[in-house]
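Biologist: I should be grateful for a close account of one part of this model, with the terms explained as they arise.

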Amino acid sequence: MSLVNFTTREITCKIVYYGPGRSGKTTNLHYIYARVPDSRRGRMVSLATQTDRTLFFDFLPIDLGQISGFNTRFQLYTVPGQVYYNATRRLVLQGADGVVFVADSQARQLDENLESLQNLQSNLLEHGVDIRTMPLVMQYNKQDLPRELILSTADLDDALNFRSVQSFSADALHGVGVFETLKGVSEMVLKRLAAGSTAAVTAGRTVAENPGSAYNPLFIYSGSGLGKTHLLMAIGQAAKALAPTLNVEYLTLDEYVEAFHAAIAAGQGDAFRRRFQNVDVLLVDDVQFLSNRKEMQSELLRLTEALQGAGHQIVLTSDRPPPEIADLDERLISRLSGGLVVDVGVPDYETRVAILRRKAEERGTTFQPGVLETVADLEFANVRELMGALNRLVAFQAVNDQPINAEAAKQLLGAAAAAARAAAPVAAGQSPGPKSGDEFGAFLADVTVTVGKAVEAWRARVAEAILRWEGEGYRTRRLERLLEQETPAAVDEEIASFATDVERLKALAAEVGQLDPQAAGESVFRDPERMREAEDAAAQMRAGVAPPPGPSGAFPLALYAVGPSNEVAVSAVRAVLEHPGKKYNPLVLVGKSGLGKTHLLNALGGELARRNGAIVACLSTQAFIDELIAAIDGNRVDWWRARYRRATALLLDDIHLIAGKERTQEELFNLFNLLQDRERQLVFTAPAHPNTLSGIEARVVSRLEGGLVAELKEPDRTVKRTVLERLLTGQNVTAEPALLDYLADRPADSVRTLVGVAQRVVGAAVAEDVPLTAGLAREVLEGQSPREAQRAGGFRTSGIVVSSLGGIKSREKMVWDWPEVTDRLIEELR
């Protein structure tokens, strides 16, 4: 969605409230709706279930009136919090300019918040948007609840706010923090405003310097004669100049259509597609002619997806934005809008003067002072008309052999005087909104100031720099602070300094990438404000002292369900925590997949990592093998060894994967001996006892058997009931004891299987809109219910369909085939 349309003088911002179910997204919109005057708000559309849970989405349009000459409108959306409606979530996110993540402050909802935040990142990526570049604020709702039930804002920041964006404490039901949150995200969105073609030129320059990695696809639109084709060609030339080996191709849509039809007629359709899929930078002009060409729309959609998948750049131009192209496939609209859509816009007065002077110089023509300025002050719809006026002046001077003055130029061009300014600026200190002290009035005043600042010249230069570097994935907080000041000193020097720091970060990241590609992607190499940290990290990497991968924080020990089936393993873990490196060293956790080995391994690692001076290496064995291969390939094995020798604990998941890998076993054997001699803790997981694993050398097996081998068995009733209670409570589902008893008594060979069975019952309750009971569970798991039999003979109402191949498919997701109901896999739990 285009933030600013300089042609129509409109600013339209789409803000999406995202978060888990019942976190307060709809409550925010209801409170805003109640505080906005009737004349400034549209009709609020809200679709909810009988339990007041949003089924599809809420929509609230707000008209802020004219601000700094722009008609400014906000469109506020919410998404459904339930996982069953992920397709709706993804659709609502399309074209979003900013996101408010509404988190539930209750401690028991932390996992739901994390899952929803990960889902937001995933759905943004589906639209080609990196969450790191999306204007985002966090709202921690329900902070009015008793302190013993909720997490503090500091704790929530640590758990959720990985970008360190603005966060707001809120009680949306009573309005606390609601408008503050809206103001925060609005300011972030509006600060990205750039002046018309400046944004397009900046985006074009960024694409030329980083084809395929920033703004892909780039969609440029404007009215006729405003320079779209010029800019398109300039992008191609700049990309070619920077990387001469790039394959750059320009063509109009009509040329593309003709070439396609010729290839099909000659039976060379596949060769045609391969030709364009191998282009590094593809420039397509005038795509508005896709209207009513369904075949070519499908072809362009396939081509766009192929180019994006291969990391190749595509840039397109049109005389209108994608949603306004008649009869355009919704999938293609989504794909074209998924990168960056920019409006070239009509050039302002200063730009018109610059164009006239350059063109006059190219023609070797001079004019009396004030003539070109007079021409620039007249109204022209586009640059072509401006050039026509200049040509008339050149011809007049050539024919009459005398210079033309400003007054004669006015008469010649048929204008008595320059047009007066259409809209008077808002007086200083005066807001176009209500003057009362209400919340909406205060919000409108703040937005007015933000928009006014955004269109100032120096602010446009800063906004251009922010747009460029954000597009490359760098943190721009340092530049954003310039926009918060009234008149900062040395703006251009600050921008140049920022650019120098970015280039230094690029060099450091490239150097670190030679040693450890994974470390090169760390956020410290994307934030110029952390330059010293980046230098230190690179220095540590050179010295081989960079820490190895650590345990995941997603597996806390407190949330591990304990029962007779795993109490031996849990007791061993607690003993290790009391005497790390001395008792049970090594500790080997064995058991089938899905019993919680990975959870327990990372939980142990997390507890060990809390200790002062701890360096805990906790990773999968496959990652360990891949690191060794990369070290061998990069001739830096010594550095790799030094990295792990510093560890105070080594925890490897799925140790059986070293089978048949002689070099890995050799390195692990030596590392094992070194760490054990230093009384450093060693922990491993495996699907079976080490002496039953094939392909592992006897000396390694001997070391693994030298400590304690603790087995995790199939979950017992206590474990199953605990898992079910936490699962259903986390989904805000109140389960009757009879249901928990029934599900806990059913056979389940793993926690993963148990979760799959429970999700199946919950899904049936939601689809049928009936209470979750033991009776429903029996109907779902033991036989077809009457409702299902009736529905099978009529129309289908659920999202689940039976495939002719015997599997199960869903419009929301794909699940695995299963021979027994207890074998159904919904999610990968370790």
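Modeller: The account below follows one sheet and its surroundings, and then turns to a second sheet. The model is predicted, so local features need pLDDT of at least 70 and side-chain atom pairs count only at pLDDT 80 or more, while totals for chains, interfaces and linings use all residues. Residues are numbered from 1 along each chain as its sequence is written, and side-chain values use heavy atoms, leaving out hydrogens and water.

The part in question is an open sheet of 5 strands, arranged in the order 15-16-17-14-18 with parallel pairing. (Helices, H or I with at least four residues, and strands, E with at least two, are DSSP runs numbered from the N terminus; two strands pair if DSSP finds at least two bridges between them.) Strand 15 (616-620) and strand 18 (708-711) each have a single partner strand, so one side of each is left without a neighbour in the sheet. On average, neighbouring strands here are turned by 15° against each other, direction ignored. (Axes are lines fitted to C-alpha atoms, for helices over the stretch in contact, and angles run from 0 to 180 degrees between N-to-C directions.)

At one edge, strand 15 pairs with strand 16 (residues 649-653) in the parallel sense over 5 bridges. Within this pair, leucine 619 stands opposite leucine 652 of strand 16. Helix 23 (residues 597-609) packs on the sheet and touches strand 14 (587-590), strand 15, strand 16 and strand 17 (681-686). Contact here means heavy atoms within 4.5 Å. The direction of helix 23 makes about 165° with that of strand 16.

Leucine 652 also leads to alanine 623: the two are 29 residues apart along the chain, and their C-alpha atoms are separated by 9.3 Å. Alanine 623 belongs to helix 24 (residues 621-633). This alanine counts as partly exposed because its relative accessibility is 27%. (Buried is under 20% relative accessible area, exposed over 50%, and partly exposed in between, with a 1.4 Å probe and protein chains only.)

A second open sheet may be set beside this one. It has 5 strands in the order 10-11-12-9-13, and the pairing is parallel. Its edge strands, strand 10 (248-252) and strand 13 (340-343), each pair on one side only. Strand 10 and strand 11 (residues 281-285) are joined in the parallel sense over 5 bridges, and glutamate 249 faces leucine 282 of strand 11. Helix 8 (residues 253-265) lies across strand 10 and strand 11, running at about 95° to strand 10.
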